[in-house]
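User: Please take a close look at one part of this model, working outward from a single buried side chain. Keep it brisk, and give reasons where you can.

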Amino acid sequence: RVEKRLELVKQVSHSTHKKLTACLQGQQGVDADKRSVRLWQGSEATIIGPIMLRLCGEAEDKLAQELIHFELQVERDVIEPLFVLAEVEIPNIQKQRKHLAKLVLDMDSSRTRWQQSAKSSGLASNLQPSGAKADALREEMEEAANRVEICRDQLSADMYNFVAKEVDYANYFQTLIEVQAEYHRKSLALLQNVLPQIKAQQEAWMEKPSFGKPLEEHLAVSGREIAFPVEACVTMLLECGMQEEGLFRVAPSASKLKKLKAALDCCVVDVQEYSADPHAIAGALKSYLRELPEPLMTFELYEEWIQASNIPEQEKRLQALWSACEKLPKANYNNIRYLIKFLAKLTEYQDTNKMTPSNVAIVLGPNLLWPQADGNMTEMMTTVSLQIVGIIEPLIQHADWFFPGDIEFNVTGNYGSPMHVNHNANYSSMPSPDMDHADRRQHDQARRPRSVATDNMMLEFYKKDGMGVRVMDTSWVARRGTSVARKAS
């Protein structure tokens, strides 16, 4: 039974020693410094940026040191004892077992010779042979029997010692698990310590994607009041797209649109490249608005916007729209104000670009407001599209009443677009643009629009007279073909 256990333990020890040695990432038997060089190779090639390189590099170096310590301990406390057990101790017992078998054969041979000597002497079987030769054979037989007895005793002692030490041999495997557990605990603690620092660096990184991200999150990360894609697209359109026929209505090249969106996502835009393709810029702006997780005019106020658009009396409808507008969160309010002011400026060129407030509301309205529902979006938008147009169109027509005060479109000063000058002479009791959002809401409670007829008449008067309206000259922009040719292509 012990011999069977010996063979089994030898196989297990040998296999474990071989596999553990193969698992070592460092070279077996090499000191810690040389192991460190090998384990470090390749780790620095996977890290981006100097700060990340330092943080991740230090973490990888510490992990490598922990791994070196772990492997050295496994070698010392597990692999080497298993090697001695499998390749030295057990083979020695097995050799001794073979030696015993040989001694037994020798003893049997001596006994056979002695017995043959007795028969040849002609003596009775019950008598012992005599003579010098017989004495020599008897001594040889007794000596062989003595050697067998000594070897058998030694083998038995070694086997019993082996059985008694099986618990110690099993400890090698327990030690392996304990060392692994300690290694993983230390590695986990190290990673948990460095992860907050890495996350802090990630959060502090300004160049993050903006498409499909919540507005407030993007503004907080970038430290802006107006979303970067909105400002970039608006300022570029002010330079090159105000007189483009069908702006926001003509579909751009899919590849151009995809490229521009990707450029906006990483905050790198070549203005000159897109100056000849304003439809791609307009398409990118529409895509950004549509891909917001929540519309710019919010889900929370959706019903209030729709109810306001259903009011038949114009003055009450406008006042209800104004009330809903004032309830927008600050970030949404700033961006919708910025966008509506731009759209109002765009409609000043409607004779050229054919984009009346109604047309603009039709193409942009569904990108500014939509219901929060899980149903078929196409069918749902068909039923509410007219109502949304009834919301966006008056906002554009009465932009300076809803959002009084001048606005600088080029907030960051990167594109050189002109400032929009307010034409609000036909509105009374206008609050200061520097007034706080809450104070302005209280200040404007009594504000009412005049009739649409009066409003339009006064606006046309100021346009003709040139008072307060700055028309931007875009004749310098290089064009690749006419608007008709571009639409045809």
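Analyst: Thr 235 is buried, with a relative accessible area of 0%. The model is predicted, and every value here is computed from it. Thr 235 sits in helix α7, which runs over residues 228-240. Its side chain does not lack a polar partner: it reaches the backbone oxygen of Glu 231 at 2.6 Å. That separation falls within the 3.5 Å cut-off, so the pair is close enough for a polar contact.

Two cysteines deserve a look next. Cys 233 is buried, and its relative accessible area is 0%. Cys 240 also counts as buried, at 3% relative accessibility. Are any cysteines joined, and how many disulfides does a search of the whole structure find? The search finds zero. A disulfide would need two cysteine sulfur atoms within 2.5 Å, so no pair in the model meets that cut-off.

Helix α7 also matters to helix α8. It is among the elements that cover the buried residues of α8, along with α9 (271-274) and α10 (278-291). Helix α8 spans residues 254-265 and has 12 residues. From first C-alpha to last it reaches 16 Å, close to the 16 Å expected at 1.5 Å a residue.

Which residues of α8 are buried? They are Leu 257, Leu 260, Lys 261, Ala 263 and Leu 264. These cover an arc of only 160° around the axis, so they lie on the same side of α8. Note that a lysine, Lys 261, is in this buried set. The other side of the helix carries exposed residues: Ala 254, Ser 255 and Lys 258. Thus α8 has a buried side and an exposed one. Just after the helix, Cys 267 takes a positive phi of about 60°.

Now the charged pairs. Side chains of opposite charge can pair when their charged atoms come close. A search of the whole structure finds 13 salt bridges. One of them joins Glu 140 to Arg 113, with the closest N and O atoms 2.1 Å apart. Glu 140 lies in helix α4 (residues 132-164) and Arg 113 in helix α3 (residues 50-120), so this pair ties together parts 27 residues apart in sequence. Neither partner is buried: Glu 140 is partly exposed at 33%, and Arg 113 is partly exposed at 34%.

Helix α4 holds another pair. Arg 138 forms a salt bridge with Asp 135, the closest N and O atoms being 3.1 Å apart. Both residues lie in α4, three residues apart, about one turn of the helix. Arg 138 is partly exposed, at 26% relative accessibility. Asp 135 is partly exposed too, with a relative accessible area of 31%.

Helix α5 (residues 166-204) shows the spacing of three residues for Arg 185 and Glu 182, about one turn of the helix. Their side chains meet in a salt bridge at 2.9 Å, N to O. Glu 182 counts as partly exposed, at 33% relative accessibility. The pairing does not stop there: Glu 182, Arg 185 and Lys 186 are linked in a network of salt bridges.

Back to the starting point. Thr 235 is buried, and its side chain reaches the backbone oxygen of Glu 231. Its helix, α7, helps cover the buried residues of α8.

How values were computed: Residues numbered from 1 in each chain as written. Predicted model: local features only at pLDDT ≥ 70, side-chain atom pairs only at ≥ 80, totals over all residues. Heavy atoms only, no water. Salt bridge = Lys/Arg side-chain N within 4 Å of Asp/Glu carboxyl O. Helix = DSSP H or I, 4+ residues; strand = E, 2+ residues; numbered from the N terminus. Buried < 20%, exposed > 50% of the residue type's maximum accessible area, 1.4 Å probe, protein only. Polar contact = N/O pair within 3.5 Å; in protein donor to acceptor, adjacent residues only side chain to side chain. Expected span 1.5 Å × (residues − 1). Arc of directions from axis to C-beta. Contact = heavy atoms within 4.5 Å.
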